[in-house]
Amino acid sequence: MTAGIEAWLASVRAGWDRITPTHAATEAAAGALLVDIRPLEQRRRQGDVPGAVILGRTVLEWRLAPTSAHRIPQTARDARVIVLCGQGYSSSVAVTSLRALGLDATDVVGGVEAWTAAGLPIEPCHGPSPEEASGFDAV
């Protein structure tokens, strides 16, 4: 990554408290919505996080936005949203837009790699999400 990208990420991340994998697991157990934005091939390599909702990055905002007609039913209006990606970079970009939409969102420092390193559960990939299987990645 270039210094420009790193500086931008640091500035947007200053707007929220990023959390550790262990903290994310605790919050998810208490009712926060854990959202995995990794693509299928990455999930096949790294495994699935049990209980995480899989949403493609291209439709994330439409599936979670409070006023979207395409909102998923798992999202309560005031639910905490915790976003996971592979290493914690794409998730920070996603959280930036989710927070702009008014959601209480954060991401996991280090992503799924840190989740795994912390000894938290990972399952073999369950295959494509229903959206991925249908080829539906548009709004």
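Let's start with a little network: Glu27, Arg80 and Asp104 are linked to one another through salt bridges in this predicted model. One link in that network joins the side chains of Asp104 and Arg80, with 3.0 Å from N to O. Asp104 belongs to strand β4 (residues 104-107), while Arg80 belongs to strand β3 (residues 80-84), so this pair ties together parts that sit 24 residues apart in sequence. How buried or exposed are the two partners? Asp104 is partly exposed, at 36% relative accessibility, and Arg80 is partly exposed too, with a relative accessible area of 21%. For Arg80, keep in mind that buried means under 20%, so a value of 21% puts this residue in the partly exposed group.

Now hop over to the helices. Glu132 makes a salt bridge with Arg43, and their closest N and O atoms are 2.9 Å apart. Find Glu132 in helix α7 (residues 130-134) and Arg43 in helix α3; the pair therefore ties together parts that are 89 residues apart in sequence. Take a look at how each end of this bridge is placed. Glu132 is partly exposed, at 31% relative accessibility, whereas Arg43 is buried, at 0%.

Stay with helix α3 for a moment, and you'll find another salt bridge there. Glu41 pairs with Arg44, and the closest N and O atoms are 2.7 Å apart. Both of these residues lie in helix α3 (residues 40-46), and they are 3 residues apart, which is about one turn of the helix. Glu41 comes out as partly exposed, with a relative accessible area of 47%, and Arg44 is partly exposed as well, at 46%. Put together with the other pairs you've met, how many salt bridges does the count come to? The count is 9 salt bridges.

What about the cysteines? How many disulfides does the count come to? The answer is 0 disulfides. To see why, look at Cys85: its sulfur is 16 Å from the closest cysteine sulfur, the one in Cys125, and that is too far for a bond. For a disulfide, the two sulfur atoms would have to be within 2.5 Å. Seen from the other side, Cys125 is in no disulfide either, and the nearest cysteine sulfur, that of Cys85, is 16 Å away. As for their surroundings, Cys85 is buried, with a relative accessible area of 5%, but Cys125 is partly exposed, at 23%.

Note on methods:
Residues are numbered from 1 along each chain as its sequence is written. This is a predicted model: local features need pLDDT of at least 70, side-chain atom pairs count only at pLDDT 80 or more; totals for chains, interfaces and linings use all residues. Side-chain values use heavy atoms; hydrogens and water are left out. A salt bridge is a side-chain nitrogen of Lys or Arg within 4 Å of a carboxyl oxygen of Asp or Glu. Helices (H or I, at least four residues) and strands (E, at least two) are DSSP runs, numbered from the N terminus. Buried means under 20% relative accessible area, exposed over 50%, partly exposed in between (1.4 Å probe, protein chains only).
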